[in-house]
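Here's a walk through one protein model, written for someone who'd rather look at side chains than read tables. Have the structure open and follow along.

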Amino acid sequence: MKRVTASLKTKILLLSILPLVMVTVAVTMISLTQAKHLSEQEIHTFEENLLRSKRQELQNYVELAMNSIEHIVKDAQPGDTVAEEKVKNILDGLTYGEDGYFFVYDRQGVNLVHPIQHELIGQNLMDLKDENGKMVIRDLIEVAKKGGGFYRYVWKKPSKGDLEDKLSYVVEIPKFNWMMGTGLYIDDIAKEVASIRLKVTRNIRNTFFTVVVILAGTIIVIALVGIAINMHASQLADKRLRELAHSYVQFQVSQRRNFARELHDGINQLMVSVKFRLELARDKLLKQDESAANDLNKGCDVLNMAIQEVRRISHDLRPIQLDDLGLESALHSMIAEFSERTGIQTNIRLELPEQRLPDDIEITMYRIAQEALTNIEKHAEATQVGLRIWSREGYIWVEVTDDGKGFSPGKTASGIGLLNMRERTELLSGRFGVKSKIGAGTRIRAGFTIL
């Protein structure tokens with residue numbers, strides 16, 4: 001039984017923890033997903049802002065370069081090789097920073113200016129592809145023909161000698177049919193974005209571990225509290241069980257004491273009286289005294305009283321009608337006797353199940369009704385009494401009501417009659433209640449679990 005109870009308590013504890021774990025995990029995952037999504041948006045915004053500043057910077061550089069050659073281009077004629085050379089020389093000398101320079105290509109893709117990679121000058125790079133498969137020069141020329149713009153590709157970074165991501169801005173010099181532009185390497189942006197993304201990932205991971213630690217701590221606390229509550233409940237249950245066992249023993253002792261007293265004060269005295277009458281009649285018969293018959297008659301009367309007393313005690317111990325006819329008939333008989341004896345009007349409503357109740361419940365309900373009627377007869381001064389039995393929600397209920405003078409339950413609840421009824425009910429783990437008010441009658445109700 002203890003193993004089953006412990007298993008049930010464990011299941012209840014798990015059922016209380018499981019929803020908490022599921023909700024916490026769900027909320028945590030949703031929060032982390034949203035945080036990751038928001039961080040990606042912020043990183044994207046940060047990257048766009050950096051690229052925007054790079055674009056603006058490239059446009060400024062190209063405008064400065066165009067301003068530096070504007071006076072030559074303005075006065076030059078198509079095919080003016082002298083003007084072209086002057087423009088090449090000016091653009092070849094325009095550098096900024098460690099990796100900043102200007103490049104020029106004609107419409108056929110031939111490189112005309114490249115201050116850093118001189119080996120490219122004069123080569124046709126129209127079909128050149130970067131590591132991503134982009135036709136870099138062809139695409140740059142097309143962007144320039146469309147009025148100029150930005151283009152992103154992979155190119156060798158002079159300061160490192162490695163291929164890096166590069167953003168260029170190109171325009172067209174229509175008079176010479178040239179494409180001119182410059183570019184900035186944006187590997188630093190990629191590094192900053194990667195660094196920020198790494199920090200965000202680390203923060204999300206730390207948050208997740210923190211939530212896991214908090215959840216584990218919460219589960220441990222709940223488990224400890226649950227164990228403490230279970231231990232406390234078990235101690236209370238054990239205490240209550242001991243109290244019930246003690247009450248049961250006291251009840252048995254009280255019943256036996258009453259039975260012994262009734263045998264001693266009732267049957268024993270009647271038997272002694274019969275013995276005395278018989279001995280007296282015997283002595284008179286030996287003396288041929290005619291009054292012996294009178295003593296024999298009195299002895300028979302006392303013996304009859306003894307027989308009635310034995311029947312009463314037997315009925316109190318276990319009503320014969322309860323075994324022979326069942327609870328309903330026994331209660332009807334008891335109510336009829338009560339009404340005939342007291343003259344009190346009675347109302348009885350019994351809604352018993354089709355199958356007989358367990359023996360211990362039947363005798364307890366009978367005794368509660370009997371004890372309640374005894375109290376009404378002795379104390380209530382009632383004119384109407386009601387007895388009702390019904391079943392509801394797995395319980396069978398017995399209720400006795402009267403319209404007598406009532407009492408204050410707080411002061412009278414310790415009376416022997418009410419104590420007997422309460423103890424009888426609690427020994428079967430039932431529910432017992434008393435409701436009374438001075439001048440407004442009394443209601444006694446007891447309920448027992450039925451399968």
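What follows covers the overall make-up, two cavities, a charged pair, some aromatic rings and two loop residues.

**The big picture**

Keep in mind that this is a predicted model. The protein has 451 residues, and 35% of them are buried. Its secondary structure comes to 10 helices and 11 strands. Take the contacts between residues at least 6 apart in sequence: 61% of those join residues at least 24 apart.

**Two cavities**

How many cavities of 30 Å³ or more are there? The count comes to 2. Here they are together:

| Cavity | Volume | Nonpolar lining residues | Polar lining residues | Charged lining residues |
|---|---|---|---|---|
| Largest | about 60 Å³ | 8 residues | 1 residue | 1 residue |
| Second largest | about 30 Å³ | 5 residues | 1 residue | 4 residues |

Let's start with the largest cavity. Its lining is made up of Y101, F103, Y105, H114, V136, I137, L140, Y153, W155 and K166. Three elements each give at least two residues to that lining: strand β2 (100–106), helix α3 (136–145) and strand β4 (149–156). By class, the lining of the largest cavity splits into 8 nonpolar residues, 1 polar and 1 charged.

Now for the second largest cavity, at about 30 Å³. Around it you'll find Y105, D106, R107, I141, A144, K145, E172, N177, W178 and M179. Two or more of the lining residues come from each of β2, α3 and β6 (178–185). Which element gives the largest share of this lining? That's α3, with 3 residues. Y105 is worth a look, since this residue turns up in the lining of the largest cavity and also in that of the second largest.

**E172 and its neighbours**

One of the residues lining the second largest cavity is E172, which sits in strand β5 (residues 163–173). Its side chain makes a polar contact of 2.5 Å with the side chain of R107. Leaving aside residues up to four places away in sequence, E172 touches R107, A144, K145 and W178. Those four residues also appear in the lining of the second largest cavity.

**Aromatic rings**

The model holds 9 aromatic pairs. One of them is W390 with W397, a stacked pair with 6.4 Å from centre to centre and 20 degrees between the planes. Are these two tryptophans buried or exposed? Both W390 and W397 are buried. Elsewhere on your screen, look for Y61, Y96 and F102, which ring pairs link into a cluster.

**Two loop residues with positive phi**

A bit of background first: most residues other than glycine have a negative phi. N177 goes the other way, with a positive phi near 55 degrees. You'll find N177 in the loop between β5 and β6, and this residue is also part of the lining of the second largest cavity. Why does N177 count as partly exposed? Because its relative accessibility is 36%, and partly exposed covers the range between under 20% (buried) and over 50% (exposed).

S429 is another non-glycine residue with a positive phi, at about 55 degrees. Its loop runs between α10 (416–427) and β10 (431–436). S429 has 55% relative accessibility, so this serine counts as exposed.

Notes
Residues numbered from 1 in each chain as written. Predicted model: local features only at pLDDT ≥ 70, side-chain atom pairs only at ≥ 80, totals over all residues. Heavy atoms only, no water. 1 Å grid on protein atoms, 1.4 Å probe; cavity = no way out; pocket = protein on both sides within 12 Å on 5 of 7 lines; lining within 4 Å. Points joined across faces, edges and corners; volume = space filled by probe spheres on them. Helix = DSSP H or I, 4+ residues; strand = E, 2+ residues; numbered from the N terminus. Nonpolar A, V, L, I, M, F, W, Y, C, P; charged D, E, K, R; others polar. Polar contact = N/O pair within 3.5 Å; in protein donor to acceptor, adjacent residues only side chain to side chain. Contact = heavy atoms within 4.5 Å. Phe/Tyr/Trp six-rings, centres within 6.5 Å; stacked < 30°, edge-to-face > 60°. Buried < 20%, exposed > 50% of the residue type's maximum accessible area, 1.4 Å probe, protein only.
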